[in-house]
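Reader: I am new to reading protein models. Could you take me on a close look at the empty space inside this one, and at what surrounds it?

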Amino acid sequence: MKRFLIFSMLFIILATTCITNMAFTCNAAEIDITSKSAALVDYSSGEILFEKNATEHLPIASMVKMMTILLTLEEFEKGNLSENTMITTSENASGMGGSQVFIDPYVEYSAGDLLKSVIVASGNDASVALAEHISGSEQTFVKRMNDKAKELGMNDTNYVNCTGLPAPEQYSCAKDCAIVLKQVCGYELYHKYSTIWMDELIHPSGRKTELVNTNRLVRYYEGCEGGKTGSTNEAGCCLSASAKRGGMRLISVIIGANNSQTRFNECSKLFNYGFANFENHTILDNNISLSNLPVNKGKIENVEVYASEGYSVVTRKGDENGYNVEYQLPKKVNAPTKEGEVVGKAIISKDGQVMQEIDIIVKIAIDKLSYIDCAKKIISKW
C-alpha cells in the first residue's frame with residue numbers, strides 16, 4: 001500500500017509538470033515554421049517563447065555581422081570612435097565580394113557612414129574596414145568576436161570572419177543570434193540607423209551608392225525596429241529582427257528558410273504569436289527610487305536608493321505572475337559612501353521560492369561631515 005501511495009503521488013506530480021510544459025509546447029506548436037531553425041525571445045526577461053532546433057549549429061550568412069556591429073558600438077561607447085572619426089580603407093576591405101557598398105581603397109570614410117553601411121545595406125567591405133581599424137586586422141577582430149561570444153554565453157557559435165561569407169568552420173544558432181541582437185538593441189546609435197529604409201553613401205570622390213535596408217520588416221511590419229538578414233547557398237535565407245509594441249519588445253530569429261519571402265513571413269508569424277499571447281511584467285525597475293533614506297553623518301540629509309538592475313518576467317496574457325519583492329533596507333545610510341555602494345537587497349520570490357536577489361545601491365557618492373561642517377550645522381540650528 002505504501003509503495004502504491006508513493007507511486008501515485010509521484011505520478012500526480014509528474015503529470016502536473018508535464019501538463020504545464022505541454023500547455024506551452026502545444027501552443028507553440030501551432031506555429032508552422034518550415035525553416036531549419038527558429039527562436040522567439042522576450043527582450044526584457046530573456047525568456048524563450050518559441051524554439052525550433054534553437055541550438056543546432058548552422059551557417060548564418062550575414063547575420064554574423066551582428067557581432068561586428070556590437071563590437072563597433074562598444075568602441076563608440078568607450079569613446080574610441082565617434083561618428084566623425086575618419087577611417088582609411090584598405091585594398092583588402094574594398095575588394096570584399098558579396099553584398100557591398102563599393103568603398104574605394106586608400107581613402108577616408110567616416111565611422112558613422114561605415115557603420116550605417118553595415119547596418120542598413122550589409123556591406124561586407126564596410127565591415128572589414130571597421131574591423132581593420134578597430135583591431136588592426138580582420139583576423140585579430142575575429143578573435144575578439146569569439147571572445148565576446150564566450151562572454152555572452154553563446155556556446156554554439158564560432159566566427160571565422162566578420163562578414164558571414166561562407167567558411168567551413170563558421171556557425172551559430174538561433175538562440176545565440178537572439179543573444180547578440182539583444183545586446184545590440186541596447187544601443188541608441190544602432191537604432192539611429194536600423195530603421196532607415198533608403199539612404200545613400202557619398203564617397204570621397206563624390207560618387208554615390210544607394211543604400212536600401214535588407215530587412216524589409218522595418219518598413220512593412222508594425223513596430224519592427226531593426227535586425228539583420230543573411231543569405232547564401234549554404235545558409236539559405238536567414239533573418240534576426242526585433243519589434244516593439246506597447247511595453248513589450250520581442251526578438252525573432254529564422255535560419256535556413258527556403259527563400260527570402262519565407263524568412264520574412266515566418267519572422268512576422270513569430271512576432272504575431274508573441275504579441276498576441278504574452279505580456280511583459282516589470283517586477284523591479286532600476287530607474288525608479290525604492291526609498292528615500294536618512295543619511296547618518298553625511299553632507300546631505302537624505303538619499304534615494306535604487307535596485308542595481310531591473311527584473312522583468314513574461315507571462316501568458318491573463319495569467320497571474322505570482323511574484324513578490326521583499327526589501328531589506330537599513331534605517332539609515334552611513335556616510336561616507338561611494339557611487340554604486342550596496343546598502344541593501346531586494347529578494348524576488350515566486351510562490352514562496354526565491355528567484356533572485358538584487359543589490360540595492362546609492363547612485364551618488366556621499367561625503368562625511370567634517371568637524372567644521374558639524375559646527376556650522378549646530379550654529380545654524382541654534
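Author: Start with the lining of the second largest cavity. Its residues divide into seven nonpolar, two polar and no charged. Keep in mind that this is a predicted model.

Who are these residues? The second largest cavity is lined by Ile 60, Met 63, Met 66, Met 154, Tyr 159, Ser 172, Cys 177, Val 180 and Ser 240. The space they enclose has a volume of about 50 Å³.

Two of those names lead to a helix. Cys 177 and Val 180 line the cavity, and both are buried residues of helix α7, residues 174-184. Ala 174, Asp 176, Ala 178, Leu 181 and Val 184 are buried in α7 as well. What do the buried residues of α7 pack against? Their partners are two helices, α2 (65-78) and α8 (188-194). They also pack against the strands β1 (37-42), β8 (236-245) and β9 (248-257).

Stay with Cys 177 for a moment. Its sulfur is the closest cysteine sulfur to that of Cys 173. Why is there no bond between them? The gap is 6.7 Å, so it is too far for one; a disulfide needs the sulfur atoms within 2.5 Å. Cys 173 is itself buried, at a relative accessible area of 0%. Cys 267 is in no disulfide either, for its nearest cysteine sulfur, in Cys 224, lies 7.1 Å away. Cys 267 also counts as buried, at 0% relative accessibility. The whole structure holds zero disulfides.

Now back to the empty space. How many cavities of 30 Å³ or more are there? The count is two. The largest has a volume of about 80 Å³. It is lined by 13 residues, and nearest its centre lie Pro 59, Ile 60, Ala 61, Gly 164 and Gln 170. Ile 60 also appears in the lining of the second largest cavity. By class, the lining of the largest cavity has nine nonpolar, three polar and one charged residues.

Finish with an open space. The second largest pocket has a volume of about 260 Å³. Strands β10 (278-284) and β13 (311-316) each give two or more residues to its lining. The full lining is Tyr 43, Ser 44, Thr 282, Leu 284, Asp 285, Asn 286, Asn 287, Gly 310, Tyr 311 and Ser 312. Sorted by class, that makes three nonpolar, six polar and one charged. Set that beside the cavity we began with: seven nonpolar, two polar and no charged.

Definitions and conventions. Residues are numbered from 1 along each chain as its sequence is written. This is a predicted model: local features need pLDDT of at least 70, side-chain atom pairs count only at pLDDT 80 or more; totals for chains, interfaces and linings use all residues. Side-chain values use heavy atoms; hydrogens and water are left out. Buried means under 20% relative accessible area, exposed over 50%, partly exposed in between (1.4 Å probe, protein chains only). Helices (H or I, at least four residues) and strands (E, at least two) are DSSP runs, numbered from the N terminus. Contact means heavy atoms within 4.5 Å. On a 1 Å grid over the protein atoms alone, a cavity is a set of points where a 1.4 Å probe fits but cannot get out, and a pocket is an open set with protein on both sides within 12 Å along at least five of seven lines; lining residues have an atom within 4 Å of a point. Grid points are joined across faces, edges and corners, and a volume is the space filled by probe spheres set on the points. Ala, Val, Leu, Ile, Met, Phe, Trp, Tyr, Cys and Pro count as nonpolar, Asp, Glu, Lys and Arg as charged, and the others, Gly among them, as polar.
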